[in-house]
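Let's walk through how the copies in this model relate to each other, then look at a helix and some ring contacts.

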There are 2 protein chains.
Amino acid sequence: MNLVQPRLSKGLRDLLPEDTLARQAMIDVVRGVYELYGFVPLTTPAVEYLDVLSGSGGKEIQDSIFVVQNPEEEQLGLRFDHTVPLARVIAQYRDLPRPFRRYTIGPVWRADKPGPGRFREFVQFDIDAVGVQSEMADTEIIGGICDSLEALGVSRYQVRFSSRRVLNLLLTYASITPERAVDVFRVIDKLEKIGIAKVRLELTTGYTDESGDKIAGLGLTAPQVDQIEQFLGIQSASRSDVVKRLHDTFGSIPGANEEIAVLEKMSHYLDVAGYHDDRVVIDLSIARGLAYYNGPVFETILLDAPQFGSVFSGGRYDDLVMRFLGERVPATGASMGVDRLLAALRALDKVKLRKSTADVLVTTFDPQMNDDYIAMTFELRRAGIRTEMYFGTDRAGKQIKFADKLEIPVVLLYGPDEKAKNVVTIKDMSVGRARAQQLTGSRDQWLQERPGQFEVPRQNLAASVKELLSKIGI
Amino acid sequence: MNLVQPRLSKGLRDLLPEDTLARQAMIDVVRGVYELYGFVPLTTPAVEYLDVLSGSGGKEIQDSIFVVQNPEEEQLGLRFDHTVPLARVIAQYRDLPRPFRRYTIGPVWRADKPGPGRFREFVQFDIDAVGVQSEMADTEIIGGICDSLEALGVSRYQVRFSSRRVLNLLLTYASITPERAVDVFRVIDKLEKIGIAKVRLELTTGYTDESGDKIAGLGLTAPQVDQIEQFLGIQSASRSDVVKRLHDTFGSIPGANEEIAVLEKMSHYLDVAGYHDDRVVIDLSIARGLAYYNGPVFETILLDAPQFGSVFSGGRYDDLVMRFLGERVPATGASMGVDRLLAALRALDKVKLRKSTADVLVTTFDPQMNDDYIAMTFELRRAGIRTEMYFGTDRAGKQIKFADKLEIPVVLLYGPDEKAKNVVTIKDMSVGRARAQQLTGSRDQWLQERPGQFEVPRQNLAASVKELLSKIGI
């Protein structure tokens with residue numbers, strides 16, 4: 001028999017129960033926040049036409065699309081984000097309510113070079129507001145980011161925003177042609193990661209990095225790079241201070257004030273909504289890699305885990321529906337990198353891990369009493385108690401160890417002795433855990449010791465278990 | 001500019017907010033039941049190696065795999081169910097707790113011929129118990145099916161089960177060679193759909209159906225088909241009656257009693273757990289199409305919507321891990337067809353549809369007062385009230401219509417008059433709805449009429465809204 005090796009292709013991974021439970025809990029919390037904001041959920045299929053997916057998002061992303069083949073041999077691919085499918089939906093269903101404010105949760109696929117913490121299938125949880133030009137919408141998205149993180153127990157974070165339109169002022173200021181814009185933005189975006197010295201080199205002559213790779217330069221002149229550095233030097237913990245300095249620097253460029261006013265208005269609205277300088281700052285090095293942004297752009301850093309990068313990013317993308325309709329539809333939104341945020345929260349010990357969903361394990365060590373085990377199990381479930389029935393005829397000690405390994409807090413034991421006395425033995429694992437780990441599986445041994453064990457009348461089982469669970473704090 | 005047509009490939013679809021909300025509510029309910037049973041969630045990627053996917057599930061399914069290409073040009077495909085990935089996980093992670101009881105929710109892909117209510121990407125919600133041979137596990141799966149449906153408000157349903165092992169007795173009884181087994185089972189499985197006369201024809205000479213298609217026959221002899229018909233004639237509303245008649249029919253076949261005992265034991269355990277003949281029956285025509293089943297198999301019909309077919313199906317598949325490990329790992333489980341069940345429940349009017357997640361809409365008709373709108377909105381959200389802020393500067397009437405269309409129950413109005421009086425106008429849409437639908441959008445008109453409207457002090461806003469929502473029953 002030819003055995004198939006059980007394995008996954010690179011960049012793909014399984015999420016075992018403990019991780020899935022943690023991710024699910026996180027998603028439930030964030031969903032609650034989005035619904036508090038009145039966003040509504042939308043589901044689109046994983047598989048889209050390639051021409052729908054392509055032409056947006058930039059070359060890097062286009063190259064990373066997983067191509068899919070159906071029996072009709074159409075040109076299909078797996079979505080690489082939720083934004084492009086949203087744009088398609090907006091174009092396809094003309095009678096959707098506008099403004100349309102939706103959230104979407106689901107995997108996206110990018111056949112990038114995988115690395116530690118970098119996967120080819122990962123979950124994004126997006127909020128977007130379509131059909132509104134006002135900075136009130138961008139403000140609301142940032143509010144949603146802040147409230148989501150705080151609902152997840154994170155207080156030390158920083159949302160950083162800028163605007164592509166202010167970056168465009170920089171292009172004018174430094175006499176950079178629009179065709180170079182995305183390349184220049186991409187280098188600027190690396191400021192925090194590689195520092196100003198390397199940014200300068202990459203903008204001009206290029207350099208060789210530590211691993212010996214040659215990083216090409218963009219060939220800008222020294223005066224151009226000086227002006228970029230001057231721009232990037234506009235840093236302040238005060239949003240209004242940054243706005244003031246932008247006016248000072250760019251004021252002479254025609255139309256500059258209007259572009260800067262976007263940041264000014266957002267900053268003001270954020271203050272009104274209660275999101276002040278301590279949590280939300282203007283950071284002019286934020287550019288975002290995606291080609292489709294054309295207004296405010298934002299990123300979010302966990303201050304105690306900056307190495308995870310931005311966990312919540314987005315921006316305004318008014319032209320994304322243009323490809324379908326030939327008309328501009330204003331839109332703004334953000335995407336939570338669920339898996340990256342979860343990894344960061346785990347690193348910060350902010351995730352309560354659970355190995356089981358059960359609060360009670362009904363052991364089943366005497367096959368003569370299966371009927372009793374089944375009856376008890378379903379009785380507890382009908383009383384709303386999350387109950388697992390052990391499957392198998394292993395000795396009681398092994399079944400207790402199983403509960404211990406899965407951190408199930410309460411175990412029920414019911415053998416011929418209990419049946420004769422019409423009682424059930426309840427074992428509070430929080431008392432017995434230390435001892436249980438030493439047990440060898442001999443029923444006699446734990447019968448003698450019974451750490452954390454007590455008997456209750458069989459007919460009071462559900463009430464007694466409930467009482468114990470509430471005592472333990474479950 | 002070349003416009004891209006916004007569209008989806010056939011068999012794929014979007015789920016707009018109303019449908020996604022309904023699906024999500026259903027999933028939350030069922031997840032609650034599965035966790036009550038102590039099942040734990042597992043997540044596997046959508047993309048698997050083709051050799052992992054293939055060799056199981058039968059030819060029909062193999063042919064329907066969506067093939068995927070990554071940059072390394074490996075042989076990959078989208079999963080067609082959650083059972084094969086579970087088998088891979090069991091084989092790949094040898095230190096998973098056993099028994100392993102997991103649930104999984106997510107889309108699966110089958111490039112079938114699409115039809116009404118038949119999609120190529122659809123959501124399955126599975127429970128499986130791995131590592132246990134006992135009928136207690138099969139019983140628990142059926143309990144989970146019943147409890148899920150009842151938690152969803154469905155009482156008129158019927159779980160029907162049989163066993164592949166009893167069907168194997170039929171093969172012996174009717175002298176059918178094992179190689180024909182799957183073909184014969186597939187025809188038997190159609191009994192309810194096509195009736196006994198056509199089943200007979202398909203087992204023997206074949207026939208031409210209404211649309212003129214030739215259905216090939218399997219070439220069995222008349223005595224063989226008589227024996228199959230005799231078997232299929234064993235029908236009773238009483239499980240124990242079916243078991244008795246099976247003993248009568250097959251008793252002379254060596255080992256038959258042991259095979260029949262599987263149904264007998266399940267029936268007994270189901271009674272102990274509280275699932276009696278009124279909800280769970282033995283139906284010997286149940287065979288299931290998938291090749292990997294080798295023990296009990298089950299299906300679930302909604303008695304008031306049988307046309308939707310089985311909404312919850314499964315069975316025992318002890319050999320599925322064999323392909324990876326060369327060893328048998330007992331396993332049983334069921335899969336809820338989420339989209340099919342949702343369609344059936346909608347047809348039965350058992351789904352509460354919501355178009356919005358917001359309970360309150362803050363209208364924003366005066367741009368001079370944006371700060372006030374933002375402040376009110378975030379104040380309400382911080383009080384836990386699900387609040388949408390209208391995006392846009394449309395007239396108040398249009399904004400009220402928007403709330404009406406989305407069935408948002410409460411609308412807030414705040415203009416210069418309210419500001420001068422330091423009040424907010426609250427509009428109870430349940431009162432004003434009928435009238436609001438006639439409004440033309442003139443602010444004067446609704447200001448005069450104000451159906452369901454009343455003023456509250458600005459500083460009491462959150463408390464007043466809460467009071468109204470609780471009055472309305474939200």
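## How the copies line up

A turn of 180° and a shift of 0.0 Å along the axis lay chain A on chain B with an RMSD of 0.1 Å (least-squares fit on C-alpha atoms of residues with pLDDT of at least 70 in both). The two copies are thus related as by a two-fold rotation axis. In chain A, the residue that comes closest to that axis is Val68(A), its C-alpha at 2.3 Å.

As for the interface (contact means heavy atoms within 4.5 Å), 100% of chain A's interface residues are interface residues in chain B too, so the copies meet through the same surface.

## Ground rules

This is a predicted model, with local features needing pLDDT of at least 70 and side-chain atom pairs pLDDT 80 or more, while totals for chains, interfaces and linings use all residues. Residues are numbered from 1 along each chain as written, chains are lettered from A and ligands numbered from 1 in written order, and side-chain values use heavy atoms, leaving out hydrogens and water.

## A mostly covered helix

Helix α15 of chain B spans residues 396-405 (a DSSP run of H or I, at least four residues, numbered from the N terminus). Of its 10 residues, 7 are buried (under 20% relative accessible area, 1.4 Å probe, protein chains only), among them Ile400(B) and Phe402(B). After α15(B) comes Glu407(B), with a positive phi near 60°.

## Rings and a charge

Ring pairs (centres within 6.5 Å) join Tyr34(A), Tyr37(A), Phe39(A), Tyr103(A), Phe125(A), Tyr275(A) and Phe378(B) into a cluster.

Arg381(A) sits over two rings (CZ within 6 Å of the centre and within 35 degrees of the normal): Phe378(A) at 5.0 Å and Tyr37(B) at 3.7 Å.

How values were computed: Buried means under 20% relative accessible area, exposed over 50%, partly exposed in between (1.4 Å probe, protein chains only). Helices (H or I, at least four residues) and strands (E, at least two) are DSSP runs, numbered from the N terminus. Rings of Phe, Tyr and Trp (its six-membered ring) pair if their centres lie within 6.5 Å; planes under 30 degrees apart count as stacked, over 60 as edge-to-face and the rest as tilted.
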